[in-house]
Amino acid sequence: MPAQRSASASVPANVPTGASANVGDIERALTRVTYLAGRARQHERLMALAGLPLDRAAVAILRHIAESEPLRPGVLAVRLSVEASHVTRQLRQLECDGYVIRIADPDDRRAQRVRITDLGLAAVDRIREASRRGLEMVLAGWSGEDLEQLAALFHRLVDDFVAHAEDPVRMPPAV
């Protein structure tokens, strides 16, 4: 049987003493939330509420394009951390369905960028609204103060993830 590592073994040196158990709890909670939010059943429910026939990859792409300027498919693939061929296939379908269009890249006429259409923006709005309603159901028993605190902490967490996205991960030495 493999030896168990202590919770503090995976915590960076700059985490205050006593915080290692909290970091482990947070990591487990984030993993669980990610799993629960990303389940196929949850996506199907979201699409039923939104009245849309989109798969998870298409939703991720549409949401990202809606929040950015028109961009090249390769840049989109990098930002989503997926293969360019995967994005190309999804974009082809989204374009056929009228959610996105390709436009000339003003910096390089040989290249194209992808821009969301009014239909695509309406779809993203419906997805966001359905998602918001689902969260309202989940958080219905929370106080306003708890919701404000959760929102502030999530924003801070996202900001810190972005700030440290390129930092190397230091693993503790093998025991």
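**Close-up views of a predicted model**

**View 1. Arg113 and its acidic partners.** The side chains of Arg113 and Asp107 meet in a polar contact of 3.0 Å (a pair of N or O atoms within 3.5 Å; within protein, one must be able to donate a hydrogen and the other to accept it, and residues adjacent in sequence count only if both atoms are side-chain atoms). A polar contact of 3.2 Å also links the Arg113 side chain to that of Asp105. This is a predicted model, in which local features need pLDDT of at least 70, side-chain atom pairs count only at pLDDT 80 or more, and totals for chains, interfaces and linings use all residues. Residues are numbered from 1 along each chain as its sequence is written, and side-chain values use heavy atoms, leaving out hydrogens and water.

**View 2. Arg113 in its strand.** Look for Arg113 in strand E2, residues 108–116 (strands are DSSP runs of at least two residues, E, and helices of at least four, H or I, numbered from the N terminus). Arg113 is buried at 19% relative accessibility (buried means under 20% relative accessible area, with a 1.4 Å probe and protein chains only). Beyond neighbours within four places in sequence, its contacts (heavy atoms within 4.5 Å) include Pro70, Leu71 and Arg72.

**View 3. Gln90 in helix H5.** Here you will find Gln90 in helix H5, residues 84–96. Gln90 is buried too, with a relative accessible area of 13%. A polar atom of its side chain lies 3.5 Å from the backbone nitrogen of Ala58. Setting aside neighbours within four places in sequence, Gln90 touches Asp55, Ala57, Ala58 and Ile61.

Conventions:
Buried < 20%, exposed > 50% of the residue type's maximum accessible area, 1.4 Å probe, protein only.
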